[in-house]
Amino acid sequence: MSRADKDLLSIQEARILVENARNAQFLVKDYKQSYLDKIINQLIDDITIELAHFVDMEVNETKRGCKKDKEWLLNTFLSQLKKELPDQQCIGELLKDSAGNILKVGVPLGVVVAFPSENNVVLNTLYSLIIGIKSGNSTIIIPDNQAYRTTIHIVNGVKDICEKYGLPVGCITCLETTSESGILEIVTHKNTSMIISAGKITNTTNTQKPMIYGGTGGTPVFIEHTANISNAVQSVIDSRSLDNGMLPGSEQYLIVEQSIASEVKKQFQKKGAHFLSEEEEHQLLNLLQPKNNGINPICVGKNARELAKMAHFS
């Protein structure tokens, strides 16, 4: 029985994907913005029907987040995107002076490699592909191992829809045989123009390629004494609990003026929030950060009741 080395297969696939993406780019660079916008509108209309299925796959594979919230977020996001994108010009004439002379022109970069996060996989993958189409670039998606099947399924779905409406074959692809060597081959390839990473940066340092990177962080909230305390508290609870806190903009810290601190705490308790005892805090921290100050991955995307149960308190 013959056996093929996974690294070699990944490198070969990587080269083929970049070369096909480059060839597709030669065609796409001549597309007008209005034509690309038409493809995006058709894509959003067709892909919306599949959102529930995509979300189901994501939650089942990653074990993170809340299906109901993800569906709401995706529908809201795509609806807003569909309204706003047509008003944005990415390629062609962008700026003229009063005499009609062209001052600024938008030109596609070429082949863009995107690393969607393993969190909010459907949203990140769709957004990477849509902005690639909007800007007239070919896009290669690198799936995260935690969301491998879901990512490939989404990319193939988007690819089929877009090719049906006129996008060239090879313009949207996904690296299916993933390895460190294959990823390095893609990000360092001479025809790769840019890297977009919303997730882990793997093998992308010292590639001499332009990079757009987005990560998560602790977002503070300040409640001032003139605020409507009840509304402010409800807003924090709604936002922090949306999709079990999966959004990178979720509130992580609360800062309150001392004069209203006790009232804010009462409102939180009234609306169902729980303030940990010292013992519960230690139990939760031992679960969340068992060693090396890193976050325990099994805790990501779980709701408060699940985390409390895992930490052995109610």
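**Exercise 1. Place Asn-244 in the chain and decide whether it is buried or exposed.**

Step 1: find the spot. Asn-244 sits in the loop between α8 and β9. Helices (H or I, at least four residues) and strands (E, at least two) are DSSP runs, numbered from the N terminus.

Step 2: know what you're looking at. This is a predicted model, where local features need pLDDT of at least 70, side-chain atom pairs count only at pLDDT 80 or more, and totals for chains, interfaces and linings use all residues. Residues are numbered from 1 along each chain as its sequence is written, and side-chain values use heavy atoms, with hydrogens and water left out.

Step 3: check the accessibility. Buried means under 20% relative accessible area, exposed over 50%, partly exposed in between (1.4 Å probe, protein chains only). Asn-244 comes in at 18%, so it counts as buried.

Step 4: look at the backbone. Asn-244 has a phi near 55°, a positive value in a residue other than glycine.

Step 5: bring in Asp-243. It belongs to the loop between α8 (229-241) and β9 (251-256). Its phi is positive too, about 55°, although Asp-243 is not a glycine. With a relative accessible area of 1%, Asp-243 is buried.

**Exercise 2. Which residues have the most contacts inside the largest nonpolar core?**

Step 1: get the rule straight. A nonpolar core is a set of buried Ala, Val, Leu, Ile, Met, Phe, Trp, Tyr and Cys residues joined through side-chain atoms within 4.5 Å. In soluble globular proteins, nonpolar side chains tend to be buried together.

Step 2: read off the answer. The largest core holds 39 residues, and Leu-126, Ile-133 and Val-158 have the most contacts inside it.

Step 3: zoom in on Leu-126. Contact means heavy atoms within 4.5 Å. Setting aside neighbours within four places in sequence, Leu-126 touches Ile-47, Leu-51, Leu-74, Leu-78, Ile-154 and Val-158.

Step 4: look for another core. There is one apart from this, with 14 residues, including Val-18, Val-113, Phe-115 and Ile-186.

Step 5: follow Ile-186. This residue is one of the buried residues of helix α7 (residues 180-188), along with Gly-182, Ile-183, Glu-185 and Val-187. Their cover includes α1 (6-28), β3 (111-115), β4 (138-141) and β6 (192-197).

**Exercise 3. Work out how helix α2 packs against α5.**

Step 1: pick the descriptors. Two packed helices are described by the angle between their axes and the distance between the axes. Axes are lines fitted to C-alpha atoms, for helices over the stretch in contact, and angles run from 0 to 180 degrees between N-to-C directions.

Step 2: fill in the values. α2 (residues 33-48) and α5 pack at about 155°, with axes 9 Å apart.

Step 3: name the arrangement. α2 is therefore roughly antiparallel to α5 (under 35 degrees is roughly parallel, over 145 roughly antiparallel, 65 to 115 roughly perpendicular and the rest oblique).

Step 4: list who touches whom. On the α2 side, the contact includes Leu-36, Ile-40, Leu-43 and Ile-47. From α5 come Leu-126, Ile-130, Ile-133 and Lys-134.

**Exercise 4. How many aromatic pairs are there, and what do Phe-77 and Tyr-127 form?**

Step 1: apply the rule. Rings of Phe, Tyr and Trp (its six-membered ring) pair if their centres lie within 6.5 Å; planes under 30 degrees apart count as stacked, over 60 as edge-to-face and the rest as tilted. That gives 3 aromatic pairs.

Step 2: take Phe-77 and Tyr-127. They form an edge-to-face pair, 5.7 Å centre to centre with 70° between the planes. Phe-77 is in helix α4 (residues 67-84) and Tyr-127 in helix α5 (residues 121-134), so the pair links distant parts of the chain, 50 residues apart. Tyr-127 is partly exposed at 37%.

Step 3: take Phe-268 and Phe-275. Their ring centres are 6.3 Å apart and their planes lie at 85°, so this pair is edge-to-face. Phe-268 is buried at 9%, while Phe-275 is partly exposed at 38%.

Step 4: spot the charge. The charged end of Lys-265 sits over the ring of Phe-275, 5.1 Å from its centre (NZ of Lys or CZ of Arg within 6 Å of the ring centre and within 35 degrees of the ring normal).
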